[in-house]
Amino acid sequence: MAAGGRPPSLWERVCAEYEAEQPPFPDVPESKRGSVSLGAEILQPFCVEQFYSAPAADTIAEAAAFPEPPDPKTCSPEDYLEYYIFPVLLPGLAELLHQAEKEKCFERKRTKFIACDFLTEWLYNKNPKRKDESFTEFFSIPFVNDWLKDHPRPPIPLSLLLSEEEASVVIQSFWRGYRVRCDSEIQELRQWQKQLREEKNIIKRVKEFWTEQEAKVGKPRPVVILSSAFCRCSTDEKVSVLQ
């Protein structure tokens, strides 16, 4: 029982279970146990399966003592958290940890995985009011779509969107191109192309060429009336007449 004779809350039970699972302090006097660093214990792997485990006997007894949940509008904040928030939020957090492990969030410093987006999507689709509705992606949720219209996000860097196989192909392609450009013959060819562009002023000549072509498009083509005498002329005579 917690202080004041009330049953322990869900959060207090979780903390008590965590403390019970911790190893005892080896060869440490009781007076100095409070100053021992908990770094090793904190770095221990977190078991998310405890959220899916079967309820203990005392939990079932306490649930039987309260057959009906309290009124959400008049109950205390503690009861509201225990009966309306934690039963929904804790499974979502457990699923969030599973997905974060799949996205390798515990192995890399930066990933494309956004925990708040996943939890929002999970809670929205697990809402009892949407029991018979189809799955809705995060960006298709109405209130998310409305929010992003007024607060657009910056694009995710390509380095986070690529898979390991796609990133390896990009890196290897760049490295092969770099090694080819380091070849002496390729460098000589690139230097010759650079000098040609500077001396012949290729860019200017290309612009002049297209300017002339655009000017020709607007002019009407001359109409040539071919007579029977013209048709009987030889090829050289035809060319001289047309010129």
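Lys 194 is partly exposed, with a relative accessible area of 41%. This residue sits in helix 9. The model described here is predicted.

**Positive patch**

Lys 194 belongs to a positive surface patch, together with Arg 181, Arg 190 and Arg 197. Patch members must have over 30% relative accessible area and no salt bridge. At 41%, Lys 194 is over that area cut-off. Helix 9 covers residues 184-200 and is the main contributor to the patch, giving three residues.

**Overall architecture**

The protein chain holds twelve helices and zero strands. Read from the N terminus, every element in the run is therefore α. The chain has 243 residues, and 13% of them are buried. Its exposed area is about 20700 Å². Carbon and sulfur atoms supply 59% of that area. Take the contacts between residues at least 6 apart in sequence: 38% of these join residues at least 24 apart.

**Salt bridges**

Side chains of opposite charge can pair when their charged atoms come close. How many salt bridges does a search of the whole structure find? The search finds four. Three pairs are set out below.

| Pair | Closest N to O distance |
|---|---|
| Lys 104 and Glu 164 | 3.0 Å |
| Arg 108 and Glu 164 | 2.4 Å |
| Asp 117 and Arg 153 | 2.7 Å |

Which residues are linked in a network of salt bridges? Lys 104, Arg 108 and Glu 164 are. Glu 164 pairs with Lys 104 and also with Arg 108. The pair of Glu 164 and Arg 108 links distant parts of the chain, 56 residues apart. Glu 164 lies in helix 8, while Arg 108 lies in the loop between helix 4 and helix 5.

The bridge between Lys 104 and Glu 164 has its closest N and O atoms 3.0 Å apart. Lys 104 is also in the loop between helix 4 (77-102) and helix 5, and Glu 164 is in helix 8 (residues 164-181), 60 residues away in sequence.

How open are these three side chains? Lys 104 has a relative accessible area of 29% and is partly exposed. Arg 108 reaches 39% and is partly exposed. Glu 164, at 46%, is likewise partly exposed. Exposed would require over 50%, so Glu 164 falls short of that class.

Asp 117 and Arg 153 form a salt bridge at 2.7 Å, N to O. Asp 117 is in helix 5, and Arg 153 is in the loop between helix 6 (142-150) and helix 7 (158-161), so this bridge ties together parts that are 36 residues apart in sequence. Is each partner buried or partly exposed? Asp 117 is buried, at 11% relative accessibility. Arg 153 is partly exposed, at 39%.

**A buried charge without a partner**

Helix 5 (residues 115-125) also carries Glu 121. Glu 121 is buried yet has no salt bridge. Which side chain of opposite charge is nearest to Glu 121? Arg 130 is, at a distance of 10 Å. A salt bridge needs a side-chain nitrogen within 4 Å of a carboxyl oxygen. What does Glu 121 touch beyond its neighbours within four places in sequence? Its contacts are Phe 135, Thr 136, Glu 137, Phe 138 and Ile 141.

**Summary**

Helix 5 holds Asp 117, which is buried and bridged to Arg 153, and Glu 121, which is buried with no salt bridge. Lys 104, Arg 108 and Glu 164 make up a salt-bridge network. The positive patch draws three residues from helix 9.

How values were computed. Residues numbered from 1 in each chain as written. Predicted model: local features only at pLDDT ≥ 70, side-chain atom pairs only at ≥ 80, totals over all residues. Heavy atoms only, no water. Helix = DSSP H or I, 4+ residues; strand = E, 2+ residues; numbered from the N terminus. Buried < 20%, exposed > 50% of the residue type's maximum accessible area, 1.4 Å probe, protein only. Contact = heavy atoms within 4.5 Å. Areas by Shrake-Rupley, 256 points an atom, 1.4 Å probe, with all protein chains shown as cover. Patch = residues over 30% accessible without salt bridge, like charges linked within 9 Å, V, L, I, M, F, W, Y side chains within 5 Å. Lys, Arg positive; Asp, Glu negative; His and termini not counted. Charge placed at Lys NZ, Arg CZ, Asp CG, Glu CD.
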